[in-house]
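Take a moment with the sequence and the model. The paragraphs below walk through them step by step.

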Amino acid sequence: MPVRAPRVEAIEGEGSGDLDQDFPISRRSMVYAWRHLRRLIPLGRQDVLDEQATVAAFAQQGFYLTPIYRRREVNRTHLVLLVDREGSMVPFHRFVRDLVETALDESGIERVEVFYFRNVFTDTVFCDEYLAEPLALRPIKTTKAALAESDRDTIVMIISDGGAAKGHDSFERFHACTEFLYTLRQEVDTIVWLNPLPKERWYNTSAEKIAYFVPMYSLDREELDLAIAQARGQTTTGRGKR
């Protein structure tokens, strides 16, 4: 059942009312999708019964000696969310807030960190959704942001319309995004872009061009599942582009 977006009045120079829509994914579905984003590492004592290994040992030996135990697995995923705020993203604020909250509180992911930006990447991100607490982003290797503490296994997800909401094809936006993505790739292996607009709205906009540099997915149930599969290294060939 789609989640109804709140009515958002147009703000001067900002988003517009024509983006009021039924959001195609529920909060519950978000939780379900996030819980598939796992990098399980065996840690601690060997106190979990490994039924498969125990049965295999019995079959090989022909008699039962002792159960086989394994270590408990912990989800050591490190997820960094970079969230576009204000401007053309205003109509999606509640929708994106649900996505962020479910990742933080209900996903089972060990470490989730969230930073915000407006429209394009600059030398600063923000620690809060009101864009009131700036934090140096560049150079990434020395920034105080979580990306400085990232390793190659860190998963970065960018949530932005990429200019598709207003139908803009801005060279400045495209250049700023691709320059940032190039720098970010020096630090992490996995970058995925989540776009709240359906793919048919990307045509002839900056988003369509950005999608050639980073896997981009619409924010509906099927595409979120594909985005998470991509983030887990299960390549979804042919997805993420128009």
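How many of the seven residues of strand β6 (residues 111-117) are buried? Keep that question in mind while the overall picture is set out.

This is a predicted model. The chain contains six helices and eleven strands. It has 242 residues, and buried residues make up 48% of them. Now take the contacts in the chain with a separation of 6 or more. Residues 24 or more positions apart account for 68% of these contacts.

Back to β6. Six of its seven residues are buried, so the strand is largely enclosed by the rest of the structure. A partner lies alongside. Strand β5 (residues 78-84) is joined to β6 by seven bridges, and the two strands run parallel. To find the pairing in the model, start at His78, which stands opposite Arg111 in β6. As a rule, side chains in a regular strand alternate between the two faces of the sheet.

Follow the chain beyond β6. The loop between β6 and β7 (124-126) holds Asn119. Its backbone deserves a look. Most residues other than glycine have a negative phi. Asn119 is not a glycine, yet its phi is positive, about 70°. Asn119 is partly exposed, because its relative accessible area is 25% and the partly exposed class runs from 20% to 50%.

The next loop offers another case. Leu131 lies between β7 and β8 (134-136). Its phi is near 55°, again a positive value in a residue other than glycine. Is Leu131 buried or exposed? Its relative accessible area is 16%, and buried means under 20%, so Leu131 is buried.

Turn to the helices. Two packed helices are described by the angle between their axes and the distance between the axes. Begin with helix α1 (residues 27-34) and helix α6 (residues 221-231). They pack at an angle of about 20°, and their axes are 10 Å apart. Angles under 35 degrees count as roughly parallel, so α1 is roughly parallel to α6. Their crossing is right-handed. On the α1 side, the contact is made by Ser29, Met30, Tyr32, Ala33 and Trp34. On the α6 side, Arg221, Leu224, Asp225 and Ile228 take part. By class, these residues divide into six nonpolar, one polar and two charged.

Helix α1 also packs with helix α3 (residues 93-105). Here the angle is about 40°, and the axes are 9 Å apart. What does that make α1 relative to α3? The angle is not under 35 degrees and falls short of the 65 to 115 range, so α1 is oblique to α3. This crossing, too, is right-handed. From α1, the contact draws on Arg27, Met30, Val31 and Trp34. From α3 come Phe95, Asp98, Leu99, Glu101, Thr102 and Ala103. The contact of α1 with α3 has six nonpolar, one polar and three charged residues. Met30 and Trp34 of α1 appear in the contact with α6 and in the contact with α3.

One last stop is Pro198. It sits in the loop between β10 (190-195) and α5 (206-210). Pro198 is partly exposed, with a relative accessible area of 28%. Now look for Leu219. Pro198 and Leu219 are 21 residues apart in sequence. In space, their C-alpha atoms are 7.5 Å apart.

Note on methods: Residues numbered from 1 in each chain as written. Predicted model: local features only at pLDDT ≥ 70, side-chain atom pairs only at ≥ 80, totals over all residues. Heavy atoms only, no water. Axes fitted to C-alpha atoms, helices over the stretch in contact; angles between N-to-C directions. Helix = DSSP H or I, 4+ residues; strand = E, 2+ residues; numbered from the N terminus. Parallel < 35°, antiparallel > 145°, perpendicular 65-115°, else oblique. Left-handed = near helix turned anticlockwise from the far one by under 90°. Contact = heavy atoms within 4.5 Å. Nonpolar A, V, L, I, M, F, W, Y, C, P; charged D, E, K, R; others polar. Buried < 20%, exposed > 50% of the residue type's maximum accessible area, 1.4 Å probe, protein only. Pairing = 2+ DSSP bridges.
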